[in-house]
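Me: Let's go through the side-chain contacts here. Short answers, please, with cut-offs where a term needs them.

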Amino acid sequence: MPKELLFSVSISDCEVQHFRAGGKGGENQNKRDTGTRVIHHPSGARGEARDQRSQAQNTKSAFLRMTATQLFKHWASQKAAVHGRNLEAEVRKEME
């Protein structure tokens, strides 16, 4: 039996903020908005990255860090539990 996707979260579901990374790294960090912060408002989870020189790479890293937080994992488990209860009710209804 194939696995069914319960829900999905993408970067478009989050607020993405760009900022100057600052610190060591020379002119690129001081002049370009390469630092990225990703905020998932339903869960309150945040991820931030300023490691790379590329804004796109930092956005990907920030999103992955946001999904690794305890707040996001707790929100995702609650969401899956609610969906699982609804799925059981649908199966029972179809079996009748």
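Me: How close are the N and O atoms where Glu 48 forms a salt bridge with Arg 37?
Reply: A salt bridge needs a side-chain nitrogen of Lys or Arg within 4 Å of a carboxyl oxygen of Asp or Glu. The two residues are eleven apart and link distant parts of the chain, Glu 48 from strand 3 and Arg 37 from strand 2. Between Glu 48 and Arg 37, the closest N and O atoms are separated by 3.0 Å.

Me: What kind of model is this, and which pLDDT do side-chain atom pairs need?
Reply: Residues are numbered from 1 along each chain as its sequence is written, and side-chain values use heavy atoms, with hydrogens and water left out. This is a predicted model, where totals for chains, interfaces and linings use all residues, local features need pLDDT of at least 70, and side-chain atom pairs count only at pLDDT 80 or more.

Me: Which residues are linked with Glu 48 in a network of salt bridges?
Reply: Glu 48 also forms a salt bridge with Arg 50, at 2.6 Å between the closest N and O atoms. Glu 48 is partly exposed at 31% relative accessibility (buried is under 20% relative accessible area, exposed over 50%, partly exposed in between, with a 1.4 Å probe and protein chains only). Arg 37 is partly exposed too, at 22%, as is Arg 50 at 37%. Glu 48 is thus networked with Arg 37 and Arg 50.

Me: Where in the chain is the Asp 51 that pairs with Arg 65?
Reply: The side chains of Arg 65 and Asp 51 meet in a salt bridge of 2.5 Å, N to O. Helices (H or I, at least four residues) and strands (E, at least two) are DSSP runs, numbered from the N terminus. Arg 65 sits in helix 2, and Asp 51, 14 residues away, sits in the loop between strand 3 and helix 2.

Me: Is His 40 buried or exposed?
Reply: His 40 belongs to strand 2, residues 35–40. Its side chain meets that of Ser 43 in a polar contact of 2.8 Å (N or O atoms within 3.5 Å; within protein, one able to donate a hydrogen and the other to accept it, and sequence neighbours counting only if both atoms are side-chain atoms). His 40 touches residues including Val 9, Met 66 and Trp 75 (heavy atoms within 4.5 Å). Because its relative accessibility is 2%, His 40 counts as buried.

Me: Which elements give two or more residues to the largest nonpolar core?
Reply: A nonpolar core joins buried Ala, Val, Leu, Ile, Met, Phe, Trp, Tyr and Cys residues through side-chain atoms within 4.5 Å. The largest one has ten residues, among them Cys 14, Val 38, Phe 63 and Met 66. The elements giving two or more are strand 3, helix 2 and helix 3.

Me: Are the rings of Phe 72 and Trp 75 stacked, edge-to-face or tilted?
Reply: Both residues are buried and lie three residues apart in helix 3, about one turn. Rings of Phe, Tyr and Trp (its six-membered ring) pair if their centres lie within 6.5 Å; planes under 30 degrees apart are stacked, over 60 edge-to-face, the rest tilted. Here the centres are 5.6 Å apart and the planes at 35 degrees, so the pair is tilted.

Me: Which backbone nitrogen does the side chain of Asn 58 reach?
Reply: Asn 58 lies in helix 2 and counts as buried, at 0% relative accessibility. At 3.0 Å, its side chain reaches the backbone nitrogen of Gln 52.

How values were computed
Lists of a residue's contacts leave out its neighbours within four places in sequence.
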